[in-house]
Amino acid sequence: MPAPVDHDEKRRDLARIAATLIAERGLQAATIREVAARVGFSTTVVTHYFSTKREMLFAAYRHTAEQAEERFNATARSLPGDPLARLESLLPVDEESRQAWRLYFQFWPMADHDAEMAEAQRWWNRHAVTLAARALQEAYPEIGALDEKAALVLSGLHGIAVQALFDPGEWPAERQRRMLRTQTRLLLG
């Protein structure tokens, strides 16, 4: 008798593989056929979980966003006394986080002309501001205009991520972390 299949887990696995393909070779590389080949399945198995490439791309995007949030939350649990470390967990300081940023960059041009992707990007940005605001509130309890300042800190984080991804030799992990903390102190006083 075959083992039962956890369909949610299988869908997450396929989304993760699609995310890896996008990060490695771009949106065009993440085809249903290529995902199936990576896991040794037929395309029929993949289309059981994703009826279209577009559906699979959105699942890859959501998977990557969920992984970023899990890194953020794991950092909150492991370093409860350092709320700014949560923000640092979003920087491209290791292969997993660099892969996430490569994927995000692939979707940015799509969001320019695709209303559904633009909404997904706006949702993630609003959610990231909420996460950042919680960390900043804890680090700076007297802070005012919290959402505005969280958005500013995230804008700085985006700038660091862009530089670090395209010039990793000049932007190692320690410099990224130091620059984020410096920017945050400058913004918040």
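**Entry 1: the whole chain**

I began with surface: the chain exposes about 10,100 Å², and carbon and sulfur atoms supply 54% of that area. I note here that the model is predicted. I then looked up burial and found that 42% of the 189 residues of the chain count as buried. For extent, I took the C-alpha trace, which spans about 60 × 35 × 35 Å along its principal axes.

I listed the secondary structure next. The chain has 9 helices and 0 strands, and I wrote the order from the N terminus as α-α-α-α-α-α-α-α-α. I also checked how far apart in sequence the contacting residues lie. Among contacts between residues at least 6 apart in sequence, 61% join residues at least 24 apart.

**Entry 2: H4 against H7**

I looked at two helix pairs, noting that two packed helices are described by the angle between their axes and the distance between the axes. For H4 and H7 I read an angle of about 5 degrees, with the axes 12 Å apart. Angles under 35 degrees count as roughly parallel, and H4 and H7 are therefore roughly parallel to each other.

I went through the residues at this contact. From H4 come Arg54, Phe58, Tyr61, Ala65, Ala68, Glu69 and Phe72. They meet Glu116, Met117, Ala120, Gln121, Trp124, His127, Leu131, Ala132 and Ala135 in H7. By class I recorded 11 nonpolar, 2 polar and 3 charged residues for the contact of H4 with H7.

Arg54 came up again when I searched for charged groups: Arg54, Asp114 and Glu116 are linked in a network of salt bridges.

**Entry 3: H1 against H6**

I then took helix H1 (residues 7-25) and helix H6 (residues 95-113), whose axes come within 8 Å and cross at roughly 75 degrees. H1 and H6 are therefore roughly perpendicular to each other. On the H1 side I noted Ala19, Thr20, Ile22 and Ala23. These meet Gln99, Arg102, Leu103, Gln106 and Phe107 in H6. I recorded the class split for H1 with H6 as 5 nonpolar, 3 polar and 1 charged residues.

**Entry 4: salt bridges**

Side chains of opposite charge can pair when their charged atoms come close. I found that the structure holds 14 salt bridges, and I wrote up three pairs.

I started with arginine 38 and glutamate 24, whose side chains meet in a salt bridge at 2.7 Å, N to O. Arginine 38 lies in helix H2 (residues 32-39) and glutamate 24 in helix H1, so the pair ties together parts that are 14 residues apart in sequence. I looked up exposure for both partners. Arginine 38 counts as partly exposed at 39% relative accessibility, and glutamate 24 counts as partly exposed at 47%.

Next I took arginine 86 and glutamate 138, which meet through their side chains in a salt bridge at 3.1 Å, N to O. This pair links distant parts of the chain, with arginine 86 in helix H5 (residues 83-88) and glutamate 138 in helix H7 (residues 115-139), 52 residues apart. Arginine 86 is buried, with a relative accessible area of 8%, whereas glutamate 138 is partly exposed at 43%.

The last pair I wrote up is arginine 181 with glutamate 88, a side-chain salt bridge at 2.4 Å, N to O. Arginine 181 lies in helix H9 (residues 173-188) and glutamate 88 in helix H5, so the pair ties together parts that are 93 residues apart in sequence. I recorded arginine 181 as partly exposed at 23% relative accessibility. Glutamate 88 is buried, with a relative accessible area of 9%.

**Entry 5: two single residues**

I looked up threonine 75, which is found in helix H4 (residues 53-78). At 13% relative accessibility threonine 75 counts as buried, because the cut-off for buried is under 20%. Leaving aside residues up to four places away in sequence, I found that threonine 75 touches Pro80, Ala85, Arg86 and Ser89. Of these, Arg86 is one I had already entered as a salt-bridge partner of glutamate 138.

I closed with alanine 128, found in helix H7. Alanine 128 is buried, with a relative accessible area of 9%. I read its C-alpha to C-alpha distance to alanine 150 as 8.7 Å, the two being 22 residues apart in sequence.

Technical notes: Residues are numbered from 1 along each chain as its sequence is written. This is a predicted model: local features need pLDDT of at least 70, side-chain atom pairs count only at pLDDT 80 or more; totals for chains, interfaces and linings use all residues. Side-chain values use heavy atoms; hydrogens and water are left out. Axes are lines fitted to C-alpha atoms, for helices over the stretch in contact, and angles run from 0 to 180 degrees between N-to-C directions. Helices (H or I, at least four residues) and strands (E, at least two) are DSSP runs, numbered from the N terminus. Angles under 35 degrees count as roughly parallel, over 145 as roughly antiparallel, 65 to 115 as roughly perpendicular and the rest as oblique. Contact means heavy atoms within 4.5 Å. Ala, Val, Leu, Ile, Met, Phe, Trp, Tyr, Cys and Pro count as nonpolar, Asp, Glu, Lys and Arg as charged, and the others, Gly among them, as polar. A salt bridge is a side-chain nitrogen of Lys or Arg within 4 Å of a carboxyl oxygen of Asp or Glu. Buried means under 20% relative accessible area, exposed over 50%, partly exposed in between (1.4 Å probe, protein chains only). Accessible areas come from the Shrake-Rupley method with a 1.4 Å probe; for residues, only the protein chains shown count as cover.
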